[in-house]
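This report looks at the fold of a short protein chain and at the surroundings of a few of its residues. Please keep the sequence and the structure in view while reading.

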Amino acid sequence: MDQQLACGCGCDNSEFLSTSCTLAIASVPMQKWEKLYSPEEALREGTVFPSLNLPLFITEK
């Protein structure tokens with residue numbers, strides 16, 4: 001019997017995707033609380049935490 005996965009792609013990865021398979025382990029360091037951006041600045045920068053403001057490219061402001 002063909003079983004379709006929840007993704008709907010129709011592939012049969014039943015041996016790979018077993019219930020005992022660990023797909024990922026997250027490692028998230030604790031973040032210290034700090035002064036937040038104002039709501040306006042947070043929307044402009046894309047984060048409320050200045051230490052997480054790591055632009056991928058430099059633009060003129």
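## Val-48 and the nonpolar patch

In this predicted model, Val-48 has a relative accessibility of 36% and therefore counts as partly exposed, since that class lies between the limits of 20% for buried and 50% for exposed residues. Val-48 is found in the segment that comes after α1.

Together with Trp-33 and Leu-36, Val-48 makes up a nonpolar patch on the surface, and the accessible area of these three residues together is about 330 Å².

## Thr-47 and its contacts

Thr-47 also belongs to the segment after α1, the helix that spans 39–45. Its relative accessibility is 14%, so Thr-47 counts as buried, the limit for that class being under 20%.

The side chain of Thr-47 comes to 3.2 Å from the backbone nitrogen of Phe-49. When the neighbours within four places in sequence are left aside, the residues in contact with Thr-47 are Tyr-37, Ala-42, Leu-52 and Asn-53.

## The chain as a whole

Across the protein chain, the secondary structure amounts to one helix and zero strands. The chain has 61 residues, of which 10% count as buried, and Thr-47 is itself a buried residue.

The area that the protein chain exposes is about 6300 Å², with 59% of that area supplied by carbon and sulfur atoms.

Conventions:
Residues numbered from 1 in each chain as written. Predicted model: local features only at pLDDT ≥ 70, side-chain atom pairs only at ≥ 80, totals over all residues. Heavy atoms only, no water. Helix = DSSP H or I, 4+ residues; strand = E, 2+ residues; numbered from the N terminus. Buried < 20%, exposed > 50% of the residue type's maximum accessible area, 1.4 Å probe, protein only. Areas by Shrake-Rupley, 256 points an atom, 1.4 Å probe, with all protein chains shown as cover. Polar contact = N/O pair within 3.5 Å; in protein donor to acceptor, adjacent residues only side chain to side chain. Contact = heavy atoms within 4.5 Å. Patch = residues over 30% accessible without salt bridge, like charges linked within 9 Å, V, L, I, M, F, W, Y side chains within 5 Å. Salt bridge = Lys/Arg side-chain N within 4 Å of Asp/Glu carboxyl O.
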